[in-house]
Amino acid sequence: MTDHKDHDQINGHGAEVITEEENLSLALPGQVLPTHLYLLPVNNRPVFPGQVQPVVVSADRWAGTINKIGGAGHQSCGLVYVGEVPAERVGPADFAEIGCLAKLHKPVKQEGNIQFIGHAIQRFRIKRWLSREIPFLVEVEYPAAAEVEEGDASEVKAYALAMINGVRELVQINPLYSEEVKQYLKFFNPGDPSPLTDFAATLTTGKGDELQAILATLPVLARMKRVLPLLQKELQVARLQSEISQEVNRKINVRQREFFLREQMKTIQEELGIKKDDRSSDVEMFQERLEPLHPPKAVLKKIKEELKKLAILETGSPEYGVTRNYLEWATAVPWGIYSPDNLDIKVARKVLDRDHDGLGDVKERIIEFLAVGAYKKEISGSIMLLVGPPGVGKTSIGRSVAEALGRRFYRFSLGGMRDEAEIKGHRRTYIGAMPGKFVQALKEVEVANPVIMLDEIDKIGASYQGDPASALLEVLDPEQNVDFLDHYLDLRVDLSKVLFICTANQLDTIPGPLLDRMEIIRLSGYLTEEKMAIARNHLWPRALKRSGLKKKQINLSEPALRLIIENYAREAGVRRLEKELLKIIRKSVVRLLEEPEAKISVTGKNLEDYLGKPVFRPEKRMGGVGVVTGLAWTPLGGVTLPVEATCIHEQARGFKQTGQLGDVMRESSEIAYSYVAAHAKDYGDQDDFFGKRFVHLHVPEGATPKDGPSAGVAMASALLLLALNRSLDRPLAMTGELTLTGIVLPVGGIREKVIAAKRRKLTELILPEANRGDFEELPEHIREGLTVHFVGRYKEVAAIILG
């Protein structure tokens, strides 16, 4: 033994280190258990006596320990629970006090790990650490019989029976536990409840700390009291899993049964010739849809080729779905199907008069257009463009034209459209590809000669995806749309019989080539009398109908309606007017709910109770030295435009413009200043007014941007009146562009400007001579009561304002 003592050492932690020879001498055969064990960590859950399970440890860290265990005669180790601590950081403090003695079988090294089978035999308690460095070596003691006493025999027996029943039920519900039960039965001893308790604990899915607490509980009865709740919880989970599994299997079985029955029924029907398969049914359906159509030869050839392809494709293939969708659209186009036109001009006039008050010139233009078609017994495809402010009835006129002709009507908006595929369709190769809007329109109306309205054509956009306006060139050209090519169908579609009606608020944003293909019909704003007729005949009855009121329940007087138009809804169209009428209706309904028998009368006196204070006050015409009223056009209609001029000081010559004027309007003001300053003596200025004074020209409402060339005459007139210290004391307004040589050039928007002047009760107008024809084309009720001077040079304007 002296040699052994020579090898005794004390490690750095003060623990005695036992040599391998001494440890080997402690391994005794039979039932004698070793008192010195090398430890291996167990992470997820502890090992219980009687349990056989694979254990995996890192070869880099634990290979030495495995070698030491293999060199020992008993080939046993201590498997101790360390919780979630990673194996590479395990230290003595991480090992639980109670562990399990286990036999090590069949160690195998693979992929950097060592795997072996651990057969747990007996609990042990760590008594003393002999080595606190890897390989960890400890002295252990085994629980004495007194520590694991069973307790009250009857109570232990009751718990044991409960556990046996629980295990039996668990195995019946979940067959996965059957192998573990068979393994346990090899070592089962009916007279020893301790192994039963440990085995029941291994069947549960309890947390590692809970199971370690059970392993550390030595008295059998106390251990049983810990294990049984876990076993019951496991049973509840297993029952729930079984119920879910049964429900899923039941649904699957039902669906399988339905599938088999359906397949059998399909086979029987095919044998009897009652029903064909899906592919044959699709082919037959498309052939039936093709029969009443009259497609061109090229179209018919293409459709038949696609039908042949569909007949040989498998129904589950992606190509089958693509081909079927193509045939769905190709046979939905109404090839050669036309609705008969109603060419009775009297009916058309009656429909237009019924749906619209005013707009006499517009209705006359439409009647002329229809008359040409009636004369030749056919209305070929044409393109009309209705231009006017919002709310003047452009869309409703399109509907009336379709009704007058007896044609189907389809409308879609081009506002904000940026993708040319919306017009010409997507290529068939793209996922989710569809035809363009025109093919969709033909499918919906089911005839090849509908009225298609392209709303907001002036608001069409462009992007990297293409230019829809350019795509429309083919559609809106009567020479080209007879062979319109849709990219999705890849077929030529005849749009020459379609009547296209486009709408726009202005022409500036419409590309020239597109505008050149359309016949322009202008719709201007309404006068007060026209608005009153529209409100009486259309807006007010529609508002009553929407609210469910009867005409006798609420009365709107003529003075009140006039005040609404003049003080609340002064715009060119009637949308604002309709909103105000609906506002009156809403307030009236509230009162009728409170007083069901009340009869409501809206008059000029109580109008403010319904609509609040007027939005527009009666405007006084601006007057004084250097003040003139001009006329301007806007997308919302015509407006009056006061122009003021004044002298700032006489210290130096200068000219200043304000009123948020655009570049064109600034140039007009500078031309007007230059012309008047150069010719002031010709009009009576003997004091050289502009040679030594700083002049300021202003166009009121500075928050509103203004631009355009038509204010030149008005600006020159304001400057001339300032130089001569004169004022205009009569209701006169003017418009026209001026050149440096005094020539008055024509301007646009004459109708809108004249209506704006009448709205402001300006009865005397100065217009360019070149616009005489535009004025004479206006309806009589608009020209009535106006005194108009047509001028070609500015000296004629000066004679009128100074006369």
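In this predicted model, Asp 609 is exposed, with a relative accessible area of 61%. The residue belongs to helix H22, which covers residues 607-611. Its C-alpha atom is separated by 9.2 Å from that of Lys 587, and the two residues are 22 positions apart along the chain.

Two further exposed residues invite a look at the backbone. Glu 111 is not a glycine, yet its phi is positive, at about 55 degrees. This residue sits in the loop that links strand S6 (98-110) to strand S7. Glu 111 has a relative accessibility of 81% and therefore counts as exposed, the cut-off being over 50%. Asn 725 likewise has a positive phi of about 55 degrees without being a glycine. Its loop runs between helix H24 (712-724) and strand S22 (732-734), and its relative accessible area of 57% makes Asn 725 exposed. A positive phi, near 60 degrees, is also found at Lys 761, which follows helix H25.

Helix H25 itself, made of residues 750-759, is mostly covered, with eight of its 10 residues buried. Charged side chains appear in this buried set: Arg 751, Glu 752 and Lys 753 are listed together with Ile 750, Val 754, Ile 755, Ala 756 and Ala 757.

What surrounds a residue at 0% relative accessibility, as found for Thr 65? Thr 65 lies in helix H3, residues 59-71, and counts as buried because 0% is under the 20% cut-off. With neighbours within four places in sequence left aside, Thr 65 is in contact with Tyr 38, Leu 39, Leu 40, Ile 134 and Pro 135. The last two of these contacts are themselves joined by a cis peptide bond, with omega about 0 degrees. Pro 135 is placed in the loop between strand S7 (113-131) and strand S8 (137-141).

A parallel sheet offers a second view of the interior. Strands of a sheet pair through backbone hydrogen bonds, either parallel or antiparallel. Here five strands form an open sheet in the order S10-S11-S14-S9-S15, and the pairing is parallel. Strand S10 (409-413) and strand S15 (519-522) are at the edges with a single partner strand each, so one side of each has no neighbour in the sheet. On average, and with direction ignored, neighbouring strands are turned by 20 degrees against each other.

The pairing can be followed across the sheet. S10 and S11 run parallel and are joined by five bridges, with Tyr 410 having Ile 452 of S11 as its bridge partner. Four bridges then connect S11 to S14, again in parallel, and Met 453 is partnered by Ile 501 in S14. Towards the other edge, strand S9 (residues 383-387) runs parallel to S15 with four bridges between them, and Leu 386 stands opposite Ile 521 of S15.

How are the two faces of strand S11 covered? In a regular strand the side chains alternate between the two faces of the sheet. In S11, Val 451, Met 453 and Asp 455 are on one side, Ile 452 and Leu 454 are on the other, and all are buried. Five of the five residues of S11 are thus buried. Helix H16 (residues 437-445) packs on the sheet and touches S10, S11 (451-455) and strand S14 (499-504). The direction of H16 makes about 150 degrees with that of S10.

Helix-to-helix packing is illustrated by H10 and H11. Two packed helices are described by the angle between their axes and the distance between the axes. For H10 (residues 297-312) and H11 (residues 318-330), the angle is about 150 degrees and the axes are 10 Å apart. The crossing of H10 past H11 is left-handed. On the H10 side the contact consists of Lys 302, Ile 303, Glu 306, Leu 307, Lys 309 and Leu 310; H11 contributes Glu 319, Tyr 320, Thr 323, Arg 324, Tyr 326, Leu 327 and Ala 330. By class, seven of the contact residues are nonpolar, one is polar and five are charged.

At the level of the whole protein, there are 28 helices and 26 strands. Of its 803 residues, 46% count as buried. The exposed area is about 40900 Å², of which carbon and sulfur atoms supply 52%. Among contacts with a separation of 6 or more, 74% are between residues 24 or more positions apart.

How values were computed. Residues numbered from 1 in each chain as written. Predicted model: local features only at pLDDT ≥ 70, side-chain atom pairs only at ≥ 80, totals over all residues. Heavy atoms only, no water. Axes fitted to C-alpha atoms, helices over the stretch in contact; angles between N-to-C directions. Left-handed = near helix turned anticlockwise from the far one by under 90°. Contact = heavy atoms within 4.5 Å. Pairing = 2+ DSSP bridges. Buried < 20%, exposed > 50% of the residue type's maximum accessible area, 1.4 Å probe, protein only. Areas by Shrake-Rupley, 256 points an atom, 1.4 Å probe, with all protein chains shown as cover.
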